[in-house]
Amino acid sequence: MWKPSERIKFFPSLGHLPTRQEAQAAQLFSPVQLGPLSLRHRTWVPAMVPWRSNEEGEVTEDVIQWYVRFAQGQPGAIVIEATGIRNVPSGPLLRIGDDRYVDGLRRLTRAVHEASGGHTRLLIQLIDFLRIRRRPDPQVFFERHLALSPALLERAGLQGVSPEAARQMLFERGPEQWQTLLDPRDWESLQYGAREQVGDLHLPHIRQLPQELPNLFAQAALRARDAGFDGVELHYAHAYTMASFLSATNQRDDGYGGSREGRVRLPLEVYRGVRAAVGSDYAVGCRFLAEECIEGGSTLDDSSWYALQFAQAGMDFLSTSRGGKFDDAKQPSVGQTAYPYTGRSGYECMPQYLSDARGPFGRNREATARIRQLIRQAGLQTPVVCTGGVHNFEMAEAMLAAGDCDVVGTARQSLADPDWALKTWLGQADQVRLCEYTNYCEGLDQKHKQVTCQLWDREQLDEPGIHFSFDGKRRLIAPAWVGAAQATEQP
Ligand SMILES: Cc1cc2nc3c(=O)[nH]c(=O)nc-3n(C[C@H](O)[C@H](O)[C@H](O)COP(=O)(O)O)c2cc1C
Ligand code: SF4
């Protein structure tokens, strides 16, 4: 992963340790309304893909155990990982693109609701993404993937040469000439792996996205409601289709790109399609980028304006993230796929403990506060969820008190200690296991390996009945917290 050159080390702290009384009177542990949905607390576990599904994209026992473990910590809400809305093979990514997934998802919602004692609300993040290929071996690229256009053959002086010979001769020219001969898109495909983009209007399925996606998202949301989820989060963030429509880099000329109005058009149409399908008594919100953090990408001005459009359209909540783009991702090795969290924008999304003077904690706070302020100035009360480097009560409470957000998301802190909020609520914040922001978990995610936390995945390996990672070395969920029994005293 990219790291700031300053490489200043930051260490998380427990901060102020509230007594039980103080915690239970705090804003963090007060209720909040997301449209029709009541959260008991303002603690939120944002979407995190743990690679626990199977090649069919189904809910497995490991998926259930993973979320049950978070539910035992009784956060206000958990958002289930990015889940594909199409009925197409997507590796071990959870899917909701067909009715056959509903039964498995229903088992998941029941298990989570039960494990939290009914205290935690469960949402699911709905994602669409475009095709991306592995970085090719150059010989294979020239033999099989490269389209031989007349312009390319002319630039290379290979007109009239048979296609097979032209491919071989182009391959033999070597990297220096490839860069000047290939058109920029082919050069990029050779370097990083071919990646479809929303601006590829020459591809019929990309041109058709605005006609296709509102219904695909709507059908997925209906399945989510049937399966017992309390709401859906439309994934408009990071490197995926909807975020690419919002991006300032989106230059589609069919009314769905270019100006801000054009860029936000499909995200609004998707939302309206979903809303029309699920009705007004079901929570629908989105996750989007407060800042894209790439050259030429959307700025805070853009995202504040989008937020206003989303809030005016009637979304029940807005959750912010930042960065996480393919545009500045590192070049993958041959045979590997580019990963959108390896560049500077990836760092902004999941900053780690080696940082710049700004540090990894609360990096998304200022931008989110600005977004919320503009929404409030417009007279709208849409709740805003802020995530990024938050790991203790003091910080979360300060964000709420300052009016930066209405709900506080903690991804890696919840992974490090799924009970952190419950411990705090019980006046036992001194027992919280703090995330160290090493990004060991993110490294596993990058390799599509089952995600665990280094602070607990080698602990108590002799515990009966626990499930292990495929390599047999790591436990897949955090050990139980012995103090958890006290939680049953909760009203
Ligand atoms: C292993 C892992 C998987 C993630 N998967 C998703 C995802 O599916 N959808 C999403 O919006 N964000 C995802 N994220 C980003 C987190 O939701 C969160 O925005 C990010 O980790 C920063 O918050 P934190 O500092 O509290 O960890 C993932 C993060 C991690 C560490
Ligand atoms: S592995 Fe654990 S400690 Fe390290 S960043 Fe991830 S959650 Fe935090």
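Here are some friendly notes on the cavities of this predicted model and on the surroundings of ligand 2.

1. Let's begin with the overall tally. The search gives 6 cavities of 30 Å³ or more. The largest cavity holds about 110 Å³ of space, and the second largest has a volume of about 80 Å³. The points below take these two in turn.

2. Where does ligand 2 sit? Ligand 2 is placed in the largest cavity. If you are setting out to look at the ligand, you will be looking at this cavity too. One thing to keep in mind is that the cavity is worked out on a grid over the protein atoms alone, so the space is described without the ligand's own atoms.

3. Now for the shell around the ligand. Ligand 2 is surrounded by 13 residues, and the closest of them are Cys435, Thr438, Asn439, Cys441 and Cys453. Sorted by class, the shell has 8 nonpolar, 3 polar and 2 charged residues. A small caution on reading that split: Cys counts as nonpolar here.

4. Which helices each supply at least two residues of this shell? They are helix H17 (412-416) and helix H19 (440-446). H17 makes the largest contribution to the shell, with 3 residues.

5. The largest cavity can also be described from its own walls. Its volume is about 110 Å³, and 14 residues line it, with Cys435, Thr438, Cys441, Cys453 and Gln454 closest to its centre. H17 and H19 are the elements that give two or more residues to this lining. Of these, H17 provides the largest share, 3 residues. By class, the lining of the largest cavity comes to 8 nonpolar, 4 polar and 2 charged residues.

6. The second largest cavity, at about 80 Å³, has a lining that can be listed in full: Tyr236, Ala243, Leu246, Ser247, Leu289, Ala290, Glu291, Glu292, Ser298, Thr299, Ser303 and Tyr306. Helix H11 (241-246), strand E8 (283-291) and helix H13 (300-313) are the elements that give two or more residues to this lining.

7. Which element gives the largest share of the lining of the second largest cavity? That is E8, with 3 residues. The classes in this lining are 6 nonpolar, 4 polar and 2 charged residues. Glu291 and Glu292 are among the lining residues, and Glu counts as charged.

How values were computed
Residues numbered from 1 in each chain as written. Chains lettered and ligands numbered in written order. Predicted model: local features only at pLDDT ≥ 70, side-chain atom pairs only at ≥ 80, totals over all residues. Heavy atoms only, no water. Near = heavy atom within 4 Å. 1 Å grid on protein atoms, 1.4 Å probe; cavity = no way out; pocket = protein on both sides within 12 Å on 5 of 7 lines; lining within 4 Å. Sits in = over half its atoms within 2 Å of the grid points. Helix = DSSP H or I, 4+ residues; strand = E, 2+ residues; numbered from the N terminus. Points joined across faces, edges and corners; volume = space filled by probe spheres on them.
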